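Dear colleague,

I am passing on the structure below, together with some notes on what I found in it. Please read them with the model open beside you.

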Amino acid sequence: MPCHRYDRPASRREFLQTAGGGFGAVALAALMGEQTQAAPFRLPQRAARAKSVIFLFMEGGPSHLDTFDYKPLLNKLAGQSLPASFKTPLTAAGEAKSPLLECKRTWKQHGQGGLWISDWFPHVAGHADDLAVIRSCASSGINHAGGVCSMNTGSLFGGRPSLGAWASYGLGTENRNLPAFVVIKDSEATVVNGVRNWGAGFMPAVYQGVEFHSDGTPIKYLDNPKGVDRREQRDKLDLLGALDRDFNASRASNTELEARIRGFELAYQMQAEAPGAVDLSGETALTKKLYGMDHAETATFGRNCLLARRLVESGVRFVQLYSGAGSKWDSHDGIEAKHSKLCHSVDKPIAGLLTDLKARGLLDETLVIWGGEFGRTPMSEKGDGRDHNPTGFTLWMAGGGVQGGQAYGSTDDLGLYAVEDRLHVHDIHATILHLLGIDHTRLIYHHMGRPERIDQNEGHPYTKLLGA
Amino acid sequence: MASAATPLLAVDDARRLAETFFEREVRPVLVNRCHECHSGTKQKGGLRVDHIGYLTAGGDTGPALVAGKPEESALIEAVRHTNEDFQMPPYKKLPDAEIAILEKWIKMGAPWPEDAAKKVVVTEGGFTQEQRGYWFFQPVAKAPPPQAGGTWVRNDIDRFIAEKRDALKLTPAAEADRHELVRRVYFDLHGLPPTRQQIDAFVNDKDPRAYEKLVNELLASPRYGERWAQHWLDLVRYAESDGYNQDAYRPFAWPYRDYVIRSFNDDKPYDQFVREQLAGDEIAPDDPDVLIATAFLRHPVYEYNLRDVRGQWDLILTDMTDTAGELFLGLSMGCARCHNHKFDPILQKDYYRLRAFFTPVHWRDDLKLVTPAEKQAFDEQQAKWEAATAAIRVKMDALTKPQIDSRVNVWRASFTEDLQAMTFKPADQRDALEKQLGGLCERQLDFARASFDPMKELKSDEAKAEYKALKAELGKFDHLKPKPLPEAFVASDAGPEAPSNLLKTRRGDQEMEPGFLSIVDPNPPKLTPTKTSTGRRTALAEWITRADNQLSTRVIVNRVWQYHFGRGIVSSASEFGTLGEKPTHPELLDHLTTKFVAGGWRFKALHREIMLSATYRQTARREPDETAAKVDPSNRLLWRFNPRRLDAEQVRDAMLAVSGELDLTAGGTASDGNGTRRAIYTRKKRNSPNDLLLALDMPAGFTSIAERQSTTTPTQALQLLNGDWVLARARRLASQMKSVDDVWLTVLGRQPTDKERATADAFIKRRVGMVKAASASTEVAESNDPGMGFHFNSAHERLLVQSSEKEGDDFTVEAIVKLDSVDVNAELRTLVSRWDGGKASLESFGWSIDVTGQKSRYKPRNILMQLVGEDENANIGYQVVASDIHVEVGCRYHLVVRVAGARHSITFTVRDLDTPGAAVQSAVVPMDRLSKLSQGASPIVLGGLSKRTPTRQWDGQIEALRIVAGHAADNALNTDSEKWNAGLFIWRAADPPNSQFAWSGADPKEDDPLLKAMTGLCQVLLTSNQFFYLH
């Protein structure tokens, strides 16, 4: 695909100099919630309603065929091989020739828009008219590492900034005492590829996602060292500040020095504020129930969804929640049992989140995204499972100005390949930035002389979601 | 406009006629039909049609137009819509009349009117004059130093600097004083601060050549290579792990790191350094010290377990090509992978020409880092062992082969059919690509093979027994076995024939031969293939290291300048193209480059030249005056030395140096980042980098990094304030300090000012007062009641054991216990541990034996073990091993836990002592391959963890407990603890007090108030701007 035109970039150095000299200052600007550029990349106001994003990442690859992409033909052909009219796909486990696996779900149409949703998402189905279901997603990653890295950074391999990092680079944070980009997992397990899924890649570290733990100490190193109370911490910071200010006084041209003092003060503020952001004691029992926190199976993800709402309310720009951290949605065999359990664990919490956001008037400015790194094949694996399918799968979005109650794009009759309005991961990223009011072709970061964009110059925003 | 390529009609009339035809007929078609996508604002496919020069130069798919030859012109092919994949305008074909106009125009020779305002001169090869004239492509000029600078000048560098500076009426900064200089030079060349003695020696040296001596002395030290190798390792994206999902450790990558350090210390000429890394296998295959350099070709991200083998190899080649372009040529080639470069004259063809040098590369794991003589000796000895053991091994293989074969075949079937076929081909019949791709498949099959564990998986007990016997028999010949040779993490070519290297475009595929940048050197390289190699990489290396290569020579000299000054003469050190920065002092760059090459490509001479200049010796302690603030606020013209923050490794090593803990052990396998060796010798795991180094902007090793960032983030501040590692350095430092002055001298190498001393004194006084007041109010009378129980909130919560001997990874715990309660929720009761409960650092390596609570997902009252150690990929591994033996509250038990780390299993044995005749319950549970279990920082603790954790408190009796190293045989165990007679320690509640055991009702006593305050002061100074900045 050919590149698009981009403006001859101004040099990075020039930008840094005007920004006050050095990355310290840039980082600081981001911390202070200031935009780091004069925002030449902002779209006209009407295009952008979303201010923040909650990305619900079902890690391991949820089956679109059993949830949001209804394929009656699949059950008709179940047990047979993929018809010859379909191009043979390259799959992770090599299951191209296995017989097609029937979908055991019951499907119904929901809402005024009549969206087809399976019985694995009964509560989410109640919000059908808020959902913009994109059935034509595609990715280049056929396995988990490549797929998750791709969905997060646009690249199969590490080294590039993640979507959340781009969003914070473009928009900064609205709460300087909290990180702009927060990640919460549903267990201690490691997400495939580890921390680089929310890394800043070649951008300064200030844009990277910060992992919050859903209970206890929310951020690594947030607690004072053992035996040090807040008073001692304050005393140490005062001493540091006094010595640094003395040192800086005759070196005012080096703005990094001042930025560093403020960095320590922000850290101290964060120590005070971050625990509050994850403290749910002020939430009513009714609210907790809404999120499914009163049942063991839904309590963990429910808690994380509620945390996400609180963080977004506190001005965090981008929240990513992992369900099934460590590829638990992966279902090469026994998909019935595995998916039943996981769908159940997220259905009520997600519905609760949507209800709560709406009730608080936040849904319009919060873009909620549900999906994984890929979908699953119509072909079976090991008799009762499904292999990875990156060539056609479903994501849905709600809030943030998207036109809900309808499906966008489509896969072929067996849900194997995206055929209509195919959206590659690059297009998905461009679309999400678009919904945040960013012209992704102008949100540029210069790295090694190259003007880098989130989509590696290949994506197009899918503006139909806005009803356009 | 030009030129021979577009001949105009000679006769005036004819020309006028042609121009009229063009303006009336042709230009409207171009403007109306093509300009939208192919002119000033957009250039789809890299093509513009608003000037004949652009048309003949063409776009991504080559020239759009051949004057006089419509049939050969892509433009005509496109508008005719005959090629389904190449139709312009897309969707809507032009009317036939318009197509005819274009055809006629091209047939006429495509005349284009002179247009002085839009003069575009396109020369041979399709490059414009402007592109050819770009400074970087000009030969390196021999520039005589200007007569400038007067008495300020110390060497030629200063003349160039002075000329530009004087032109803007800027004045040089004063020379830095000796304190500033000595600190700068040590950090610059060694990455370490000078010690107090080193500072004194230099400051007090009366020799007028003291500074020169210092520079020479530091260049001769092995610390120099350890610092400067780091710059190179950043550039080659060095790491010790695969960097994909599994992130497998690369246990044999470190010899390359040592090779780089050695090369710098030996002052190896840069041309040789480059040749060895690109083509060491071709130029000196028998010299292990050269062969290891080809690990340079092994640094791309990789994962053995990927079915898309073809796709992965393509990405690896892309990575090698991009890195070579940036690293050696100072050009980001990446843009040209998909189309001709938008801003620089780098053709897509050039990208594939460069790629062609790497397409034959084959990653080798079969080579060893030894001389041929050593290899021969090994082979001879190995042959003896093989001859002696052949019969045994045949029998062993016969037992395992059917199962291994079937496992391998299942794995193989997951590859596409063409790949499967490659793996079936005998190695000597494979072509280059089959060797490469087949080789990548084989790695997976080898993994499948190695994952078979005969002792566990052989189907019958007889087979297992037979295998075991054979293995024992085989072991008897171990004395014949040669010592294994060091593995070589290197590469070679797959053979003398290169695999295909296709440039795929919409107009078809094109095989690309190796070649250089067309604009600089369009001639094909001279290749000298050998029996085993294409010779391509040698040719590339020869070209890069040609004395007259204007790209590579300037790039490396500029890098050295950049690392000294914090900014290059070209500040975008890996991008010299138009997207990069223009050189501030191009003549100086050429002057230094000429000298560098003429002097034998040696770094140390270049360092000396730069560091001895007056420019380098300027102070950084100067604020911009009015002129500087106006004309050069960012100091591009060097009216002072650039202030700099220390790099991650410098910060870490400096903290260790001042706390007196720095371990200078050089070379060899890497150590954990939480230890005390220099940062360059710590493990570089791409997916789990060291927290502190990462927070201080250490690159992760995925891509080539030319310049470190210097960020300020709250998470960085949190780590410096609250992280264990920094605090441990501060504590260690404080324990050696006698006064505030002492702290300043040690950390910053100078006396504190009066004001600083007063501030520090006030801090210490305040903190000591606070601590005393606090401890007075919370003093609790300690109970003297000995009791036998371990209970929360009593003086007898936990028992700390002092034992100099460690239990290792194989040990036995024997205890007689009774539990009064389990937790009502899911928490554990910990019987004994060597653990602080953490899972994130080397200090937390350890284990605990616990009983589960009522809501545990392991079911209540289950005896289990938790382990934190190092796994086979050198990651920190954590595991819970549950016995599924459930104990009753209030019942007395004899409990034995045998940990067999080497055999990866734990055996739990429990005997109920209250019920006569009760059966012994026993369970053998597999454990992960975790090692170093006893190497954490925690002591052994009975009744809880080393860190006071109320939720892990034992509640009940521990009548007796001992730990025995190794596997204790059944007959060595006894339900009567009085009969125990061996162990690292034996604890019996009934025994009289013993200094080996200390009761604890709380965390270990706080440091004394003064020490604690001093620790605070030390920590503050270690995180201060003065420590972090050379300013």
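What covers the buried residues of helix 10 of chain A? The cover includes strand 1 (52–58), strand 5 (181–185), helix 8, strand 7 (318–323), helix 11 (335–359) and strand 8 (366–371) of chain A. Please keep in mind throughout that this is a predicted model.

Helix 10 of chain A, which runs over residues 296–313, is a convenient place to begin. Its buried residues are Thr298(A), Phe301(A), Gly302(A), Arg303(A), Asn304(A), Cys305(A), Leu306(A), Leu307(A), Ala308(A), Arg309(A), Leu311(A) and Val312(A). One of them, Gly302(A), is also the centre of a kink of about 25 degrees in helix 10 of chain A. The 18 residues of this helix should span 26 Å at 1.5 Å a residue, and the end C-alpha atoms are indeed 26 Å apart, so the expected and the modelled span agree. Just after helix 10 of chain A comes Gly315(A), which has a positive phi of about 100 degrees.

Helix 8 of chain A, which is part of that cover, also pairs with helix 7 of chain A. The axes of helix 7 (residues 230–249) and helix 8 (residues 255–277) of chain A come within 10 Å and cross at roughly 170 degrees. With angles over 145 degrees counted as roughly antiparallel, helix 7 of chain A and helix 8 of chain A are therefore roughly antiparallel to each other. From helix 7 of chain A, the contact takes Gln233(A), Leu237(A), Leu240(A), Gly241(A), Asp244(A), Arg245(A) and Asn248(A), while helix 8 of chain A brings Leu257(A), Glu258(A), Ile261(A), Phe264(A) and Tyr268(A). By class, the residues of this contact divide into 6 nonpolar, 3 polar and 3 charged.

Two other residues of chain A deserve a look for their backbone angles. Ser327(A), in the loop between strand 7 and helix 11 of chain A, has a positive phi of about 60 degrees although it is not a glycine. Ser327(A) counts as buried because it has 22 C-beta neighbours inside 10 Å, where 20 or more are needed. Asn457(A), in the segment after strand 17 (450–452) of chain A, is likewise a residue other than glycine with a positive phi, in this case near 65 degrees. Asn457(A) is buried too, with 21 other C-beta atoms within 10 Å.

As for chain A as a whole, its secondary structure comes to 12 helices and 17 strands, and buried residues make up 59% of its 468 residues. Of the contacts in chain A with a separation of 6 or more, 77% are accounted for by residues 24 or more positions apart.

Turning to chain B, you will find 33 helices and 20 strands, and C-alpha atoms that fill a box of roughly 125 × 80 × 60 Å along the principal axes. Of the 1031 residues of chain B, 46% count as buried, and among its contacts between residues at least 6 apart in sequence, 67% join residues at least 24 apart.

Helix 16 (residues 372–412) of chain B may catch your eye, since a straight helix of 41 residues would span 60 Å, whereas this one spans only 35 Å between its end C-alpha atoms. There is also a kink of about 60 degrees in helix 16 of chain B, centred on Thr389(B). Elsewhere in chain B, the peptide bond from Met88(B) to Pro89(B) is cis, with omega near -15 degrees, and Pro89(B) lies in the loop between helix 3 (74–80) and helix 4 (96–107) of chain B.

Leu189(B) belongs to helix 7 (residues 178–190) of chain B and counts as buried, with 22 C-beta neighbours inside 10 Å. Leaving aside its neighbours within four places in sequence, Leu189(B) is in contact with Leu218(B), Leu219(B), Tyr224(B) and Arg227(B).

Finally, the two chains meet in a contact that takes 76 residues from chain B and 67 residues from chain A. On the side of chain B that touches chain A, at least two residues each come from helix 14 (309–329), helix 28 (714–722), helix 31 (754–778), helix 32 (1009–1022) and helix 33 (1025–1028) of chain B. Helix 28 of chain B gives the most to that side, with 8 residues. By class, the side of chain B that touches chain A has 22 nonpolar, 37 polar and 17 charged residues.

With best wishes

Conventions. Residues are numbered from 1 along each chain as its sequence is written. Chains are lettered from A and ligands numbered from 1 in the order in which they are written. This is a predicted model: local features need pLDDT of at least 70, side-chain atom pairs count only at pLDDT 80 or more; totals for chains, interfaces and linings use all residues. Two residues are in contact if their C-beta atoms, placed from the backbone, lie within 7 Å. Helices (H or I, at least four residues) and strands (E, at least two) are DSSP runs, numbered from the N terminus. Ala, Val, Leu, Ile, Met, Phe, Trp, Tyr, Cys and Pro count as nonpolar, Asp, Glu, Lys and Arg as charged, and the others, Gly among them, as polar. A residue is buried if 20 or more other C-beta atoms lie within 10 Å of its own, exposed if 12 or fewer, and partly exposed in between; C-beta atoms are placed from the backbone. The expected span of a helix is 1.5 Å times one less than its number of residues. The bend at a residue is the angle between axes fitted to the seven residues ending there and the seven starting there. Axes are lines fitted to C-alpha atoms, for helices over the stretch in contact, and angles run from 0 to 180 degrees between N-to-C directions. Angles under 35 degrees count as roughly parallel, over 145 as roughly antiparallel, 65 to 115 as roughly perpendicular and the rest as oblique.
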